[in-house]
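Reader: I am a first-year student and should be grateful for a close look at one part of this structure. Would you please choose a single strand and explain what surrounds it?

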Amino acid sequence: MVEHFTHYQYLRVAPTAEYYAIKRAYQQRILETHPDKHSQRTAHTSALPDANEPFAEPHADLFNKVRLAWHILQSTDRRKAYDAYLKDLEARTHGIIHDEVGLDEMDYDSDAEEYLYPCRCGGDYMLSRQDLALGADVAQCTTCSLRVVVEYQVELDDP
Ligand SMILES: [Zn+2]
């Protein structure tokens with residue numbers, strides 16, 4: 001099973017956290033995950049014990065995901081849309097993430113503006129371009145309850 005973290009988890013805030021709490025958390029996390037700080041930080045790992053830290057990821061990725069999380073959650077509209085996406089994912093309670101695919105491995109349907117990848121059930125995993133713009137990275141099968149994590153490079157302008 002593949003691990004998946006939400007924007008809230010990357011910032012270590014509750015999904016119900018208020019704007020200022022999220023902003024504070026972001027400012028903290030951006031310092032913690034900044035690639036320049038990494039070597040300094042590992043020397044003092046004991047100061048930052050956290051079993052939930054997705055350390056398996058390369059550090060620059062983590063830094064970018066923290067930035068993306070803030071980019072989405074700082075905007076009321078984007079946050080609302082992202083929450084709706086998460087709710088939708090949760091609604092399929094038996095959905096399990098069983099694999100990961102690269103976005104470049106998926107087929108893009110330009111009419112529907114959807115990224116598709118064949119599921120073993122015969123259906124397709126689907127991630128819409130709209131969801132992608134919210135930093136969504138889980139595609140669910142439109143036929144069965146399986147999901148895949150979609151890997152792609154996050155590119156943001158100024159933090
Ligand atoms: Zn399926």
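Author: Let us begin with one residue of the strand in question. Met126 stands opposite Gln140, a residue of strand 5. On another side, Met126 of strand 4 has Leu116 standing opposite. The model in which these pairs occur is a predicted one.

Both pairs belong to the setting of strand 4, which comprises residues 124-128. Strand 4 and strand 5 (residues 138-141) run antiparallel and are joined by two bridges. Strand 3 (residues 114-118) is likewise antiparallel to strand 4, and here five bridges join the two. Strand 3 and strand 4 together form a hairpin, with five residues between them. In the turn of that hairpin lies Gly122, whose phi is positive, at about 105°.

The two faces of strand 4 may now be considered. Tyr125 and Leu127 make up the covered face, whereas Asp124, Met126 and Ser128 make up the uncovered one. Met126, with which we began, is thus named on the uncovered face, and it stands opposite Gln140 in strand 5.

Finally, the strand may be placed within the whole chain. The secondary structure comes to six helices and six strands. Read from the N terminus, the order of the elements is α-α-α-α-α-β-β-β-β-α-β-β. The chain has 159 residues, of which 25% are buried. Among contacts with a separation of 6 or more, 54% are between residues 24 or more positions apart.

How values were computed:
Residues are numbered from 1 along each chain as its sequence is written. This is a predicted model: local features need pLDDT of at least 70, side-chain atom pairs count only at pLDDT 80 or more; totals for chains, interfaces and linings use all residues. A residue is buried if 20 or more other C-beta atoms lie within 10 Å of its own, exposed if 12 or fewer, and partly exposed in between; C-beta atoms are placed from the backbone. Helices (H or I, at least four residues) and strands (E, at least two) are DSSP runs, numbered from the N terminus. Two strands pair if DSSP finds at least two bridges between them. Two residues are in contact if their C-beta atoms, placed from the backbone, lie within 7 Å.
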